[in-house]
Every structure is written in structure tokens, then in C-alpha cells.
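Visitor: I would like to learn how to read a fold from its contacts, core and turns. Where should we begin?

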Amino acid sequence: EHEDLFFRALCLCHTVQVKEEETVESIKRGIHQGRPTSFYISSSPDEVALVEGMKRLGYTYLRLKDNYMEILNKDDEIE
């Protein structure tokens with residue numbers, strides 16, 4: 001439980017942006033097919049590395065929408 005909270009925090013506490021606008025469904029489909037689905041950009045390469053690492057552990061940063069950040073958790077649910 002504590003690990004999940006930590007992973008969510010790493011997935012949400014950053015200044016990373018998604019380079020290309022994609023639909024959530026295409027991102028999910030790409031994750032399940034094992035191919036890159038989006039590209040992250042940031043002034044800090046460390047933040048990009050953390051967000052990409054969280055993606056490998058099952059917490060995918062999707063986008064900033066209407067002042068809310070969306071992630072896809074390891075249970076394939078959008079938070």
C-alpha cells in the first residue's frame with residue numbers, strides 16, 4: 001500500500017508534459033501491445049526518467065486535462 005502511494009506521487013509530482021496528444025484508448029492499447037504510446041518532455045531529464053520508470057512499474061502518466069492530471073494505474077483504471 002505504501003509503495004502504491006509512493007509510485008502515484010512520483011507519477012504526479014513533476015513538470016513533465018506529454019509531447020503528442022493521444023486518446024486514452026490508444027495509450028492503453030499501446031501499453032498492452034508493448035510499444036511506446038507517448039513521449040514525455042521536460043526541462044529536467046531526471047523527471048522524464050522518473051515518469052518513464054513509473055510507466056514500467058504500471059503507473060502511466062496520461063495527460064493534464066482541465067487542471068487535473070490523469071494516470072493509468074496498474075489495474076488499468078484511470079485516476
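Guide: Begin with a definition. Two residues are in contact when heavy atoms lie within 4.5 Å. This is a predicted model. In the protein, take the contacts between residues at least 6 apart in sequence: 49% of them join residues at least 24 apart.

Visitor: Which elements does the protein contain, and in what order do they run from the N terminus?

Guide: The order is α-β-α-β-α-β-β. That comes to three helices and four strands.

Visitor: What share of the residues is buried?

Guide: Burial needs a cut-off: under 20% relative accessible area counts as buried, over 50% as exposed. Of the 79 residues in the protein, 33% are buried. The protein exposes about 5,400 Å², and carbon and sulfur atoms supply 52% of that area.

Visitor: Which residues make up the largest nonpolar core?

Guide: A core of this kind is a set of buried nonpolar residues joined through side-chain atoms within 4.5 Å. Here the largest has 10 residues: Phe7, Cys11, Val16, Tyr40, Val48, Val51, Met54, Tyr59, Tyr61 and Ile71. Two helices, α1 (2–12) and α3 (45–56), each supply at least two of them. The largest share, three residues, comes from α3.

Visitor: Take Met54. What is Met54 in contact with, leaving aside its neighbours within four places in sequence?

Guide: Met54 is in contact with Phe7, Leu10, Cys11 and Tyr59. Of these partners, Phe7, Cys11 and Tyr59 are listed in the core with Met54.

Visitor: Now the strands. In what sense do β3 and β4 pair, and over how many bridges?

Guide: β3 and β4 pair in the antiparallel sense, over five bridges. One pairing to look up is Arg63, whose bridge partner in β4 is Glu70. The hairpin has two residues between the strands.

Visitor: How do I read the backbone in that turn?

Guide: Start with the sign of phi. Most residues other than glycine have a negative phi. Asp66 is not a glycine, yet its phi is positive, about 50°. Asp66 lies in the loop between β3 (60–65) and β4 (68–72).

Visitor: Is Asp66 buried or exposed?

Guide: Asp66 has a relative accessible area of 61%, so it counts as exposed.

Visitor: Where else should I look for a positive phi?

Guide: Go to Asp76, also not a glycine, with a positive phi of about 65°. Asp76 sits in the segment after β4. Its relative accessibility is 31%, so Asp76 counts as partly exposed.

Key:
Residues are numbered from 1 along each chain as its sequence is written. This is a predicted model: local features need pLDDT of at least 70, side-chain atom pairs count only at pLDDT 80 or more; totals for chains, interfaces and linings use all residues. Side-chain values use heavy atoms; hydrogens and water are left out. Buried means under 20% relative accessible area, exposed over 50%, partly exposed in between (1.4 Å probe, protein chains only). Accessible areas come from the Shrake-Rupley method with a 1.4 Å probe; for residues, only the protein chains shown count as cover. Two strands pair if DSSP finds at least two bridges between them.
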